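Happy to walk through this one with you. Let's take a few labels and ask what stands behind each of them.

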Amino acid sequence: MFGVIRRRVASGSPSPLLLGQSVQKFRSGSLVPARVSSILETEIAFHSGGCGNVRSFCHISPGCWINTKPMREVFHQEATMQTWRRPFSSDSGDLVDVVVPPLAESISDGTLAKFLKRPGDRVNIDEPIAQIETDKVTIDVSSPESGVILKFLANEGDTVEPGNKIAIISRSADATTHVAPSETTPEKAAPQPTQKVSEEKKAPKVETAPVTEKPKATPAPHSSHSEPQLPPKERERRVPMTRLRKRVATRLKDSQNTFALLTTFNEVDMTNLMKLRADYKDAFVEKHGVKLGLMSGFIKAAVNALQHQPIVNAVIDGDDIIYRDYIDISVAVGTSKGLVVPVIRNADTMNFADIEKQINTFAKKANDGTLSIDEMAGGTLTISNGGVYGSLLSTPIINPPQSAILGMHSIVSRPMVVGGNVVPRPMMYIALTYDHRIIDGREAVFFLRRIKDIVEDPRRLLLDI
């Protein structure tokens with residue numbers, strides 16, 4: 001479909017036609033056959049906005065045939081394309097600045113954990129060169145261009161914010177022997193003493209300023225004044241806590257200070273669930289491509305228990321209670337860097353295979369440190385399986401802003417009375433820690449009893465009884 005532009009030109013000087021911030025150039029049309037009146041060829045060049053395309057239009061004058069000279073509407077977006085090409089870099093000719101990418105909406109800064117490359121190393125585009133540790137995850141800083149790292153603009157352990165420059169990359173430089181960071185720092189540190197010496201000669205009173213600044217360089221002990229500073233001893237090391245560990249410690253302490261924590265226990269006979277797993281594990285792997293574990297059975301049982309006791313899925317917000325009509329199950333995963341809790345969204349709509357696949361994906365990401373903030377945000381109930389480490393019994397702590405947490409433990413063969421006979425049975429202790437401000441003991445016991453009934457007889461899920 002062609003857009004038609006009609007314009008009559010008077011004998012006098014034409015008046016310009018303004019379209020927003022566009023720039024138009026008007027030229028008088030050349031002589032054409034008599035049946036064609038004077039034609040105004042308009043060339044419109046949009047310098048702000050557009051899509052970078054060139055479109056041609058045929059010009060029509062009233063009562064005349066269509067002119068064969070097309071009008072061109074040109075959209076220029078060169079400047080915009082440069083800014084959107086690499087949002088996390090600053091391009092200045094041959095040199096490219098590597099900047100910290102956006103971390104997350106709820107995270108304003110992070111700690112530069114370590115550099116994966118050294119000055120003088122050649123890197124490819126999108127190759128990780130540094131890692132930034134936040135309160136929840138570790139984020140890789142990738143190279144915006146291929147080239148050679150000239151120098152670092154930050155040190156390991158520094159606190160950085162999105163947009164801060166941490167390195168400079170040269171596109172044309174050749175990879176050379178590694179430049180030690182100490183070689184670049186004296187160049188910057190050398191002029192500083194000369195400036196201080198000149199200042200001391202000119203104004204001797206300035207000597208008092210550094211003296212007052214030096215005592216202020218010890219804020220670390222004061223920042224943790226609540227923790228006693230132990231004197232150093234032999235065979236001891238003082239290592240700063242990682243941001244993830246500090247975040248976990250803060251949240252757990254806030255949980256103890258805020259919630260009215262209470263734990264109730266029960267024991268589960270795992271015979272039927274383990275038999276179900278043993279009977280169908282091969283067929284399950286063949287069809288779904290993933291192993292059938294015990295965690296999926298407990299998640300399905302927890303979903304059913306939440307549907308029977310919706311107060312456990314609720315949370316207190318100020319003077320109100322928020323009832324959540326969705327079920328997101330958080331699964332606690334322990335890693336070498338700390339505890340992470342990815343969330344299985346809409347667990348009530350998933351089957352056993354979907355749950356097992358999601359658990360395996362989260363486990364791999366947790367070990368690789370590639371879990372995103374969104375994958376760990378939210379959750380209405382947490383399940384912690386300390387049994388994988390051999391825990392027999394524990395009292396887990398609630399993960400805010402949830403109201404309960406289910407603890408699984410190790411399976412131990414114990415003598416049980418079944419049908420009047422004492423027989424060995426694989427038994428597991430389960431624990432439910434809940435916020436007694438919103439959940440009464442009756443609902444907590446019913447919730448845990450429902451999980452026990454389903455795990456001991458999974459057929460209840462099929463019959464909904």
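What follows is a short round of questions and answers on a predicted model.

Q: Why is Thr-111 called buried?
A: Buried means under 20% relative accessible area. Thr-111 has 17% relative accessibility, so Thr-111 counts as buried.

Q: Which residues does Thr-111 touch, leaving out those up to four places away in sequence?
A: Thr-111 touches Gln-131, Ile-132, Glu-133, Gly-157, Asp-158 and Arg-243. Thr-111 itself sits in strand β7, and Thr-159 in β12 stands opposite Thr-111.

Q: How do you know that β7 and β12 pair?
A: Two strands pair if there are at least two bridges between them. Two bridges join β7 (residues 110–115) to β12, and these strands run antiparallel, so the requirement is met.

Q: What makes β10 and β12 the edges of their sheet?
A: The open sheet has four strands in the order β10-β9-β7-β12, with antiparallel pairing. β10 (138–142) and β12 (159–160) each have a single partner strand, so one side of each has no neighbour in the sheet.

Q: Why does Lys-246 count as partly exposed?
A: Partly exposed lies between the cut-offs of 20% and 50%. Lys-246, at 42% relative accessibility, therefore falls in that class. Lys-246 belongs to helix α6 (residues 243–258). The C-alpha atom of Lys-246 is 10.0 Å from that of Lys-136, although the two residues are 110 residues apart along the chain.

Q: Why is α8 called oblique to α10?
A: The axes of α8 and α10 (residues 441–456) cross at roughly 135° and come within 9 Å. Angles over 145 degrees would count as roughly antiparallel, and 65 to 115 as roughly perpendicular. The angle fits neither class, so α8 is oblique to α10. The crossing is right-handed.

Q: Which residues of α8 and α10 meet?
A: From α8 come Phe-298, Ala-301, Ala-302, Asn-304, Ala-305, Leu-306 and His-308. Their counterparts in α10 are Phe-447, Arg-450, Ile-451, Ile-454 and Val-455.

Q: Which members of the largest nonpolar core touch the most other members?
A: Of its 69 residues, these are Ile-166, Phe-298, Ile-299, Ile-329, Ile-344 and Ile-451. Helix α8 (residues 295–308) gives the most to this core, with eight residues.

Q: What is Ile-344 in contact with, beyond its neighbours within four places in sequence?
A: Its contacts are Ile-299, Ile-327, Asp-328, Ile-329, Val-331, Met-350, Ile-355, Gln-358, Ile-359 and Phe-362.

Terms used
Residues are numbered from 1 along each chain as its sequence is written. This is a predicted model: local features need pLDDT of at least 70, side-chain atom pairs count only at pLDDT 80 or more; totals for chains, interfaces and linings use all residues. Side-chain values use heavy atoms; hydrogens and water are left out. A nonpolar core is a set of buried Ala, Val, Leu, Ile, Met, Phe, Trp, Tyr and Cys residues joined through side-chain atoms within 4.5 Å. Buried means under 20% relative accessible area, exposed over 50%, partly exposed in between (1.4 Å probe, protein chains only). Contact means heavy atoms within 4.5 Å. Axes are lines fitted to C-alpha atoms, for helices over the stretch in contact, and angles run from 0 to 180 degrees between N-to-C directions. Angles under 35 degrees count as roughly parallel, over 145 as roughly antiparallel, 65 to 115 as roughly perpendicular and the rest as oblique. A crossing is left-handed if the near helix is turned anticlockwise from the far one by less than a right angle, and right-handed if clockwise.
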